[in-house]
Amino acid sequence: MRPEHPVGADLTALAALSGARVIGDDRTVVGATLRAQHAAPGELFAALPGARVHGARFAAQAVAAGAVAVLTDDEGLRLLQADPATADVSVLLHPAPRSILGVVSARIYGDPSQQLTLIGITGTSGKTTTAYLTEAALRAGGHVVGLIGTVEIRIDGTPVPSSLTTPEAPDLQRMFAVMRERGVDAVVMEVSSHALSLGRVDGACFAVGGFTNLSQDHLDFHHTMEEYFNAKVRLFDGAAPDHAAAAVICVDDEWGERMAEVARASAERVATVSVSGDADWSIVGQVEADAGRQTVAVRDATGAEHVMAVPLPGAYNVANAMLAVGLATTAGVPTATAIAGLAQVRVPGRVEQVDRGQDFLAVVDYAHKPAAVEAVLATLSAQILSAQTGGALAVVLGAGGDRDTEKRPLMGAAAARGADLVIITDDNPRSEDPATIRAAVRAGAEAVPAGERRATEIRESGDRAAAIAEAVAWAGPGDVVLVAGKGHESGQEIAGQVHPFDDRLVLAAALEARAATSVAEPLTVYVAPAGATIEQAGRLLRLMVTDAVDAGVGSAHRPDADVTRGRRTWAFFGDLAEAGADENARCVAHDLIGRRAVRLAVDQTVAVGDTRAVRALYQGAIQEGSWGDEAGFHLTLDEVLAQQRADVGTSAAPRAGDMVLIAGGTDLAEALVTAWRDEAGLAVQVRTP
């Protein structure tokens with residue numbers, strides 16, 4: 001993608017900016033690229049020295065495609081002049097061409113980030129989640145937002161493929177220019193330590209920088225944690241050319257505290273965030289938590305308190321959400337608006353649930369570092385405890401090849417401490433021997449002392465799909481299966497080849513295969529007789545609840561209290577008969593049966609009809625309930641049928657194994673049973689008193 005109206009710059013102007021020297025004729029360049037195969041007419045080709053080959057060896061291809069100048073060093077100049085195809089090309093010469101590539105690229109594209117509110121997020125874990133949350137908060141504030149990250153690049157909601165956490169400098173500046181042309185006024189981007197170290201973000205003008213945390217990763221590149229930290233520092237250190245004007249920093253680890261000290265020395269504004277201690281943004285109370293989301297009370301930098309809904313589990317995601325809100329408010333979005341924007345965010349491959357109607361929780365997560373594995377396992381364990389299912393936890397994980405080897409045993413140890421079953425498999429082995437990588441992970445798991453080890457079984461499988469299927473076959477009601485490491489990735493790199501592989505699709509296939517070999521449970525429907533009275537409906541309601549208790553169905557009656565997994569109880573009520581009663585008495589009676597359904601722990605009570613009595617039933621259920629989620633209301637039969645069709649296969653509609661009461665209303669029972677049997681494909685077992 002290229003801007004439709006390029007700005008361009010003369011080589012002499014670029015030389016004056018960067019300290020380079022022009023060899024040959026002055027030229028106006030309208031773009032820049034590091035890849036000869038992507039060169040276009042009028043562009044500058046950056047021929048940089050590489051680990052195996054010098055980029056100048058590809059210059060002839062770039063020139064043939066229309067490149068009019070080359071940025072390179074002395075060795076590159078020698079190679080260019082030795083080739084007749086490039087001997088006369090204009091050259092921008094610098095002893096360290098990569099060091100000036102960012103500022104040169106920015107000037108060629110008209111310094112686009114200076115016209116954008118650019119927010120950079122760095123840290124080890126949480127960058128992607130924080131970026132998505134920040135994007136949502138900015139959009140809620142009326143901004144047209146660009147997103148640049150691990151999963152994808154988006155321009156005002158339109159995805160653009162991405163292969164690097166942070167693109168190379170020419171690609172990044174070109175993308176900024178395209179975003180600016182398309183009306184984007186704010187950009188959220190993940191900023192990796194590699195990008196900071198290699199100058200990929202040089203020339204970018206960051207309005208706000210965010211820091212999540214630091215834990216062991218990338219030590220194959222940085223060698224020590226101190227070097228790794230110092231790479232991140234560039235986003236906040238006033239002496240660095242790419243530092244942010246303002247900063248929001250999570251101080252839940254010692255690295256965050258140190259980063260805040262760095263930022264305070266130079267940033268215009270610094271705000272801190274913490275879920276565990278004192279900070280400008282902090283937690284003041286847990287309001288509610290259920291499967292997959294949580295609501296907390298937070299105090300902002302002004303001392304005001306807010307209720308914040310976080311659509312992801314785990315304390316670390318509360319930290320990510322507070323960081324996102326802090327970044328958005330620093331960029332000018334009102335706090336309440338920023339918080340409201342978070343409510344419906346979905347982050348691909350981050351604690352992403354895969355639901356195929358199974359009676360256990362299946363999750364895919366990108367955790368591929370020791371601290372991240374530990375954190376997501378702790379989060380899922382906490383969900384099991386809060387649900388009181390008594391369930392067990394399995395994790396499928398491996399480690400990447402050609403990367404930091406020291407973290408492999410640490411990942412295995414984290415898995416053994418946090419899960420009951422550990423299945424070690426291949427991640428992206430790349431050029432390494434997969435068995436060697438697995439052995440390192442397994443050694444770490446088996447080295448955990450018995451007193452610290454949760455895992456009762458450690459298995460190994462070189463086939464990732466088979467390992468996932470093995471975990472699915474192991475799981476029972478109320479258990480949790482976590483597939484960790486690859487998250488959103490859609491390929492697996494083995495021996496130089498990338499094979500199609502998406503953990504979410506493979507996990508879904510394994511769940512579907514398991515379901516296909518299982519005997520489908522019926523949907524049991526208790527149907528009251530036509531013209532049923534309040535008393536008859538009440539007796540049938542108690543019968544259904546008694547049967548549910550015996551069968552372990554319903555959130556209050558089974559080990560598995562996660563309502564997203566099925567086996568729920570339902571009550572659908574229409575207008576019920578009450579012979580001889582006046583309208584007010586009928587309303588009171590309907591109110592009471594709505595309340596009774598909630599008191600008897602029916603998971604979902606649905607009122608259908610446009611009479612005062614039906615509305616009273618709904619209001620009774622609402623008032624008896626905790627949050628209003630226990631009841632639903634539809635004016636007409638067509639309306640409830642449309643909703644059932646829309647929700648088929650999800651926890652928002654009856655599924656196999658559930659128990660349902662239907663009483664009252666004209667044709668309500670016949671229409672619902674027909675829809676569930678013929679349209680949803682359920683085996684419906686009807687019981688009548």
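This note comments on the nonpolar cores, two helix pairs and one loop residue of a predicted model.

1. The largest nonpolar core comprises 38 residues, and within that core Leu 138 and Met 308 touch the most other members. The greatest contribution comes from helix H11 (residues 315-330), which supplies eight residues. A separate core of 35 residues lies apart from this one; Leu 172, Met 175, Ala 204 and Phe 211 are among its members. As background, nonpolar side chains in soluble globular proteins tend to be buried together.

2. Leu 138 deserves a closer look. When neighbours within four places in sequence are set aside, Leu 138 is in contact with Ile 119, His 143, Val 145, Ala 186, Val 188, Ala 328, Ala 331 and Val 333.

3. The next point concerns helix H5 (residues 127-140) and H11, whose axes come within 8 Å and cross at roughly 40°. This angle makes H5 oblique to H11, and the crossing of the two helices is right-handed. On the H5 side the participants are Thr 129, Thr 130, Leu 133, Thr 134, Ala 137 and Leu 138; on the H11 side they are Asn 317, Asn 320, Ala 321, Leu 323, Ala 324, Leu 327 and Ala 328. Sorted by class, the residues of the contact of H5 with H11 are eight nonpolar, five polar and no charged.

4. A second helix pair is formed by H21 (residues 637-646) and H22 (residues 668-679), with axes that come within 11 Å and cross at roughly 20°. Angles under 35 degrees count as roughly parallel, and H21 and H22 are therefore described as roughly parallel to each other. Their crossing is right-handed. From H21, the contact involves Leu 637, Val 640, Leu 641, Gln 644 and Arg 645, while H22 provides Leu 668, Ala 671, Leu 672, Ala 675, Trp 676 and Glu 679. The contact of H21 with H22 contains eight nonpolar residues, one polar residue and two charged residues.

5. The final point concerns Ala 85, located in the loop that joins helix H3 (74-82) and strand S7 (90-93). Is Ala 85 buried, partly exposed or exposed? Its relative accessibility is 47%, so Ala 85 counts as partly exposed. Apart from neighbours within four places in sequence, Ala 85 is in contact with Ala 60 and Val 63. Ala 85 and Ala 64 are 21 residues apart along the chain, and their C-alpha atoms are separated by 8.4 Å.

Terms used:
Residues numbered from 1 in each chain as written. Predicted model: local features only at pLDDT ≥ 70, side-chain atom pairs only at ≥ 80, totals over all residues. Heavy atoms only, no water. Core = buried A, V, L, I, M, F, W, Y, C linked by side-chain atoms within 4.5 Å. Buried < 20%, exposed > 50% of the residue type's maximum accessible area, 1.4 Å probe, protein only. Helix = DSSP H or I, 4+ residues; strand = E, 2+ residues; numbered from the N terminus. Contact = heavy atoms within 4.5 Å. Axes fitted to C-alpha atoms, helices over the stretch in contact; angles between N-to-C directions. Parallel < 35°, antiparallel > 145°, perpendicular 65-115°, else oblique. Left-handed = near helix turned anticlockwise from the far one by under 90°. Nonpolar A, V, L, I, M, F, W, Y, C, P; charged D, E, K, R; others polar.
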